[in-house]
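Reader: Can you walk me through reading pockets and cavities? I'd like the general idea, then the case at hand.

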Amino acid sequence: MDAQTCLKKLSYVGVLAFATVDETGGPQVRNISAIHYEPDALYFFTARGKDFCRELLASPKVQVLGYTMYKEMIRLSGTAEPVPDAEQAAWRDRIFAEQPYLANVYPGATRQIGIVFRIRDMDIEYFNLGVSPIFRQSYTIGAGQAKPKGYRVTDACIGCKRCAAHCPQGCIDVTQKPAVIRQEHCLHCGACFEACPVGAVERWAPR
């Protein structure tokens, strides 16, 4: 698995959920299918008058979520930027050619009310619930930065193994001290954090 494979899997989903914030800081989510995929970028179309467009222009950070029939969750975080004016028509026409239904929504020259955004620098989280143990991994494209998430065991570990006994996925290696959480199989559920009698399990600090 790699970042490009994750983007390809998103293209098979077809309709993706895009999360933004409105002018009050409230969360907004909508489904978008007017999308074109490149190996290193995602392009999408919306109308300039829509709330979605205004939200992106005001606060360009966006999260995109897709869920496949195989219980795979793919979450993309990045910054959406309008494509340069000189490229708008070409990308718009390409999206319309790949998504024929758009001609019914914006017939003829009315498609010019639209604007194409792109996301180039992104981090991608892949989470597969359809395998045992579950599998997760993070990838980046461009200048995207993957941030550690979940939990880790510190040197305060006393080797009691209670963390492993409470882990739903059995992903904690207690043959080492401190114990080691196999991050690729971790649910981030916090069971180990709650079970540790000495507070040796901690969340990864945001960076």
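**Pockets and cavities**

Author: Let's start with lining chemistry: the largest pocket is lined by eleven nonpolar, ten polar and eight charged residues. Here Ala, Val, Leu, Ile, Met, Phe, Trp, Tyr, Cys and Pro count as nonpolar, Asp, Glu, Lys and Arg as charged, and the others, Gly among them, as polar. This is a predicted model, where local features need pLDDT of at least 70, side-chain atom pairs count only at pLDDT 80 or more, and totals for chains, interfaces and linings use all residues. Residues are numbered from 1 along each chain as its sequence is written, and side-chain values use heavy atoms, without hydrogens and water.

Reader: What is a pocket, and what is a cavity?

Author: Rolling a probe the size of a water molecule over the atoms shows where empty space is left. On a 1 Å grid over the protein atoms alone, a cavity is a set of points where a 1.4 Å probe fits but cannot get out, while a pocket is an open set with protein on both sides within 12 Å along at least five of seven lines; lining residues have an atom within 4 Å of a point. Points join across faces, edges and corners, and volume is the space filled by probe spheres set on them.

Reader: What volume does the largest pocket have?

Author: About 650 Å³. Among its 29 lining residues, Asp123, Gln145, Ala146, Lys147 and Lys149 are the closest to its centre.

Reader: How many cavities of 30 Å³ or more are there?

Author: One. The largest cavity has about 80 Å³, and of its 14 lining residues Cys167, Cys171, Cys186, Cys189 and Cys192 are the closest to its centre. No charged residues line that cavity.
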